[in-house]
Amino acid sequence: MSDSFSFSPAARQFALQAAAAMLVLSVAWPYYGWQAAALPWAETSYAIGCVGFAFATLSRQPWWWRLIHLLFLPAVWFTHQLQIDPGWFLAAFILLLLVYRGALSGQVPLYLSNRETVAALAELLEQRAGSGSLRFVDLGAGIGSTVITLADHLPQVHCRGVENAPLTWLIGRLLAVGRPNLQWQWEDLWQVDLGQHDVVYAFLSPAPMPQLWEKALREMAPGSLLVSNSFPVPGVVPSRVIEVPCLPARPLYCYEMPGA
Ligand SMILES: C[S@@+](CC[C@H](N)C(=O)[O-])C[C@H]1O[C@@H](n2cnc3c(N)ncnc32)[C@H](O)[C@@H]1O
């Protein structure tokens, strides 16, 4: 099938819910219209939820998508009954966009590396820096909690944090001030030249890992290290896996660039 017919996961779910709504409305509208009666919106929303659930089950969507399809329109109807000022929804949407822009554009939401992981990273960087210096970048640096801690503990490491969600970037900007070995940037991670760094750290999601690996192979110097928190590169054997002592498990998959 050509690329023009392949949908993103979000577009696929939207199409599924829209198909359920169209099916129910195409039956309900003529039925109630014929009797000159008003459409019962509550029951219609339940029916669309049930049909959406059936479509999602038939097309083998994961269980949480089935649940979302079942509950989405009934929840919209219920919320509508509360008669909340639409301005609140707009405000909530803008706030979510400011924080979760990455989830919308690249399936990478915000969640932070835990303390144990940052400690394991610090140990790894210290080993690799030895008595020299080292350049480190956190791709999608959130509010800077990882990169700021590393910059504070490892003055010999030049740390860089790259983030493109406006609010998290701003929080990081404020938290990062006054650190000469830390560069905090508003930048798309796909625009970063990975070749400038000895260790590249990513805590993203499974979705971008194949593309990130291709970028790393193209740009990173032989012997430099790509470290991915929790999400391995599919089909590539890591040169090392650091089992971080925490729950849930958050292994660090380390990939040394070939050709050293
Ligand atoms: C899972 S969080 C990791 C945060 C931080 N690295 C940590 O380990 O605590 C992923 C971050 O990547 C950011 N992000 C997603 N896509 C991005 C992109 N294209 N460019 C820059 N940052 C991005 C998200 O906004 C989010 O803050």
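Helices (H or I, at least four residues) and strands (E, at least two) are taken here as DSSP runs, numbered from the N terminus. The model is predicted, so that local features need pLDDT of at least 70 and side-chain atom pairs count only at pLDDT 80 or more, while totals for chains, interfaces and linings use all residues. Residues are numbered from 1 along each chain as its sequence is written, and side-chain values use heavy atoms, with hydrogens and water left out.

**Exercise 1.** Determine which loops hold P248 and R60, and describe the backbone there.

*Solution.* Begin with P248, which is found in the loop between β6 (240-242) and β7 (252-256). The peptide bond that joins L247 and P248 is cis, with omega about -5 degrees. Turn next to R60, which lies in the loop between α2 (41-58) and α3 (63-81); its phi is near 55 degrees, a positive value in a residue other than glycine.

**Exercise 2.** Identify the residues that come nearest to the ligand, and characterise its polar contacts and surroundings.

*Solution.* First, of the 21 residues around the ligand (those with a heavy atom within 4 Å of it), S113, G140, E163, D188 and L189 come nearest. By class, this shell has 11 nonpolar, six polar and four charged residues.

Second, consider pairs of N or O atoms within 3.5 Å. A backbone N or O atom of G140 lies 2.7 Å from a ligand nitrogen atom; for L189, a backbone N or O atom lies 2.8 Å from a nitrogen atom of the ligand. D188 instead places a polar side-chain atom 2.8 Å from a ligand nitrogen.

Third, the ligand taken alone exposes 600 Å² (Shrake-Rupley method, 1.4 Å probe), and the protein buries 98% of that.

Methods:
Polar contact = N/O pair within 3.5 Å; in protein donor to acceptor, adjacent residues only side chain to side chain. Nonpolar A, V, L, I, M, F, W, Y, C, P; charged D, E, K, R; others polar.
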